[in-house]
Amino acid sequence: GTPRGTRIAHVTSRIVKIIIFPRSKMLEIGTRRPELNQVGTYFLFGDNPETGRETVYIGKAEHCLTRIGQHSNGKDWWDYAAVCIAKDNTFTFAHAGYLEHLGILNAGLASRFTLDNNRSESMPHVSEGMAADLEDTFETISLLLSTLGYPVFDKAKSREEVPIAEVLYLSGRGVKAEG
């Protein structure tokens, strides 16, 4: 009902879907969205009060909503949670761990958000075929999160990488800016 309320995103031909919801809806979301207690990977988004930068925590859980509820007491900075689950409830804990590992690795490489994870999990073992499927699933997660306004895996372009036709200029009373 509202642009910043609960939103669901998926690509019809892909297995993963994302449900994103505000922290303020934690208590009521579980009754409306029981699939949030499936195995999955989740993201907590907010602004770090110390740095003012956008921050993300990436985790995995056997029961996502229950685990996010535990973070509600220990992490004060987050405002939104995004839960990535399989539409057909086929993710295992190893799948979620693999996606979590890819998320932490790629968020660190992009440096778009401050990463709140303080330890790096080792890559869970999955078969070669499953790894390929999960990397494809991760690409879908990256696309969906960017579409929802959280481009956590998109590396920011330097000024030199932006075509001149895409640069906007503004000038006014003693001020000149571009973006």
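Biologist: At what angle do the axes of helix α3 and helix α4 cross?

Modeller: In this predicted model, helix α3 covers residues 93–110 and helix α4 covers residues 128–147. Their axes come within 10 Å of each other. The crossing angle is roughly 55°.

Biologist: And is α3 parallel or oblique to α4?

Modeller: Angles under 35 degrees count as roughly parallel, and 65 to 115 as roughly perpendicular. The crossing of α3 and α4 is roughly 55°. That is why α3 is described, relative to α4, as oblique.

Biologist: Is the crossing of α3 past α4 left-handed or right-handed?

Modeller: Two packed helices are described by the angle between their axes and the distance between the axes. Handedness can be given here as well: the way α3 passes α4 is right-handed.

Biologist: Which residues of α4 does α3 meet, and how many residues in the contact are nonpolar?

Modeller: From α3 come H95, Y98, L99, L102, G103 and N106. They meet M130, A131, L134, E135, T137, F138 and I141 in α4. By class, the contact has one charged residue, four polar and, for the number you wanted, nonpolar residues numbering eight.

Biologist: Let us turn to the sheet. What is the order of its strands?

Modeller: The sheet is open, has six strands and shows mixed pairing. At its edges stand β1 (7–10) and β6 (114–115), each with a single partner strand, so one side of each has no neighbour in the sheet. The full order is β1-β2-β5-β3-β4-β6.

Biologist: How many residues of strand β3 are buried?

Modeller: In the sheet order, β3 stands between β5 and β4. Strand β3 spans residues 40–47 and is mostly covered. Of its eight residues, the number buried is seven.

Biologist: How many bridges join β3 to strand β5?

Modeller: On the β4 side (residues 54–61), β3 pairs in the antiparallel sense over eight bridges. There, T41 has K60 as its bridge partner, and Y42 stands opposite G59. On the other side is β5 (residues 78–86), also antiparallel to β3, with L44 opposite A81. The bridges between β3 and β5 number seven.

Biologist: Which residue in the turn between β3 and β4 has a positive phi?

Modeller: β3 and β4 form a hairpin, with six residues between the strands. The phi in question is about 75°, and the residue is G52.

Biologist: Which strands does α4 lie across?

Modeller: Helix α3 lies across β3, β4 and β6, at about 160° to β4. Helix α4 runs at about 35° to β2 (16–22). The strands α4 lies across are β1, β2, β3 and β5.

Biologist: Is S142 buried or exposed?

Modeller: S142 sits in helix α4. Leaving aside neighbours within four places in sequence, S142 is in contact with F153 and D154. Its relative accessible area is 11%, and buried means under 20%. S142 is therefore buried.

Biologist: How far apart in space are D88 and V16?

Modeller: D88 lies in the loop between β5 and α3, and counts as partly exposed because its relative accessibility is 46%. In sequence, D88 and V16 are 72 residues apart. In space, C-alpha to C-alpha, the distance is 8.6 Å.

Biologist: Finally, what percentage of the residues of the protein count as buried?

Modeller: The protein has four helices and eight strands. Its C-alpha atoms fill a box of roughly 55 × 40 × 35 Å along the principal axes. Of its 179 residues, the buried share is 43%.

How values were computed:
Residues numbered from 1 in each chain as written. Predicted model: local features only at pLDDT ≥ 70, side-chain atom pairs only at ≥ 80, totals over all residues. Heavy atoms only, no water. Buried < 20%, exposed > 50% of the residue type's maximum accessible area, 1.4 Å probe, protein only. Helix = DSSP H or I, 4+ residues; strand = E, 2+ residues; numbered from the N terminus. Pairing = 2+ DSSP bridges. Axes fitted to C-alpha atoms, helices over the stretch in contact; angles between N-to-C directions. Parallel < 35°, antiparallel > 145°, perpendicular 65-115°, else oblique. Left-handed = near helix turned anticlockwise from the far one by under 90°. Contact = heavy atoms within 4.5 Å. Nonpolar A, V, L, I, M, F, W, Y, C, P; charged D, E, K, R; others polar.
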